[in-house]
Amino acid sequence: QVQLVESGGGLVQAGGTLRLSCAVSGRTFSSYGMGWFRQAPGKEREFVATISLSGVSTYYADSVRGRFTISRDNAKNVGYLQMKSLMPEDTAAYYCAAGPRSATTAREYDYWGRGTQVTVSS
């Protein structure tokens, strides 16, 4: 069993920065691809970013490319999502997920955290 716990969310003004963390326990973190997704009220969960098992390959949604950076520290069993130039439309609950490979669709992931709220004020 794998457990994921997100942290680092909060309230920030537009243009601000936040770094989300995803602590992974239960299995070897380097065995899993990791992704970040988000869900705003009344909307479907959407892909944000993904990173390969080794951390070499990353991929982003068009809406965040150039503003968000996904990374991981396999030695510490932690994944990160660095977010800058935040906009009100980035407001959502953010979830990290782990699966056998990096992927852009939620069904590819086996394990999910409970989410952390990010609110961007205008």
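Of the 122 residues in the protein chain of this predicted model, buried residues make up 44%. The accessible surface of the protein chain amounts to about 6200 Å², and carbon and sulfur atoms account for 46% of that surface. For a chain of 122 residues, a compact globule would be expected to have a radius of gyration near 14 Å, and the value of 13 Å computed for the protein chain therefore agrees with that expectation. Along the principal axes, the C-alpha trace extends over about 40 × 25 × 25 Å.

The secondary structure consists of 11 strands and zero helices, so that, read along the sequence, the pattern is β-β-β-β-β-β-β-β-β-β-β. When contacts in the protein chain with a separation of 6 or more are considered, 57% of them are accounted for by residues 24 or more positions apart.

In soluble globular proteins, nonpolar side chains tend to be buried together. In the present model, the largest nonpolar core contains 35 residues, and the residues with the most contacts inside this core are Trp36, Leu81, Met83 and Tyr94. Two or more residues are contributed to the core by each of the strands β3 (18–25), β4 (33–39), β5 (46–51), β7 (68–73), β8 (78–83), β9 (92–99) and β11 (116–121). Of these elements, β9 gives the most, with five residues. The surroundings of Leu81 illustrate how parts of the chain meet: when residues up to four places away in sequence are not counted, Leu81 touches Leu18, Arg19, Leu20, Trp36, Val48, Ala49, Phe68, Thr69, Ile70 and Tyr94. Two of the partners in this list, Trp36 and Tyr94, are also named with Leu81 among the residues that have the most contacts inside the core.

The structure holds one disulfide, which joins Cys22 to Cys96 with an S to S distance of 2.1 Å. The two cysteines belong to distant parts of the chain, Cys22 lying in strand β3 and Cys96 in strand β9, 74 residues apart. Because the torsion about the S-S bond of Cys22 and Cys96 is about 65 degrees, the disulfide is right-handed. As for the setting of the two residues, Cys22 has a relative accessibility of 0% and therefore counts as buried, the cut-off being under 20%. Cys96 is likewise buried, because its relative accessible area is 0%. The strands that carry this pair, β3 and β9, are both among the elements that give two or more residues to the largest nonpolar core.

Conventions
Residues are numbered from 1 along each chain as its sequence is written. This is a predicted model: local features need pLDDT of at least 70, side-chain atom pairs count only at pLDDT 80 or more; totals for chains, interfaces and linings use all residues. Side-chain values use heavy atoms; hydrogens and water are left out. A nonpolar core is a set of buried Ala, Val, Leu, Ile, Met, Phe, Trp, Tyr and Cys residues joined through side-chain atoms within 4.5 Å. Buried means under 20% relative accessible area, exposed over 50%, partly exposed in between (1.4 Å probe, protein chains only). Helices (H or I, at least four residues) and strands (E, at least two) are DSSP runs, numbered from the N terminus. Contact means heavy atoms within 4.5 Å. A disulfide is a pair of cysteine sulfur atoms within 2.5 Å. The radius of gyration is taken over C-alpha atoms; the globule rule is 2.2 Å times the number of residues to the power 0.38. Accessible areas come from the Shrake-Rupley method with a 1.4 Å probe; for residues, only the protein chains shown count as cover.
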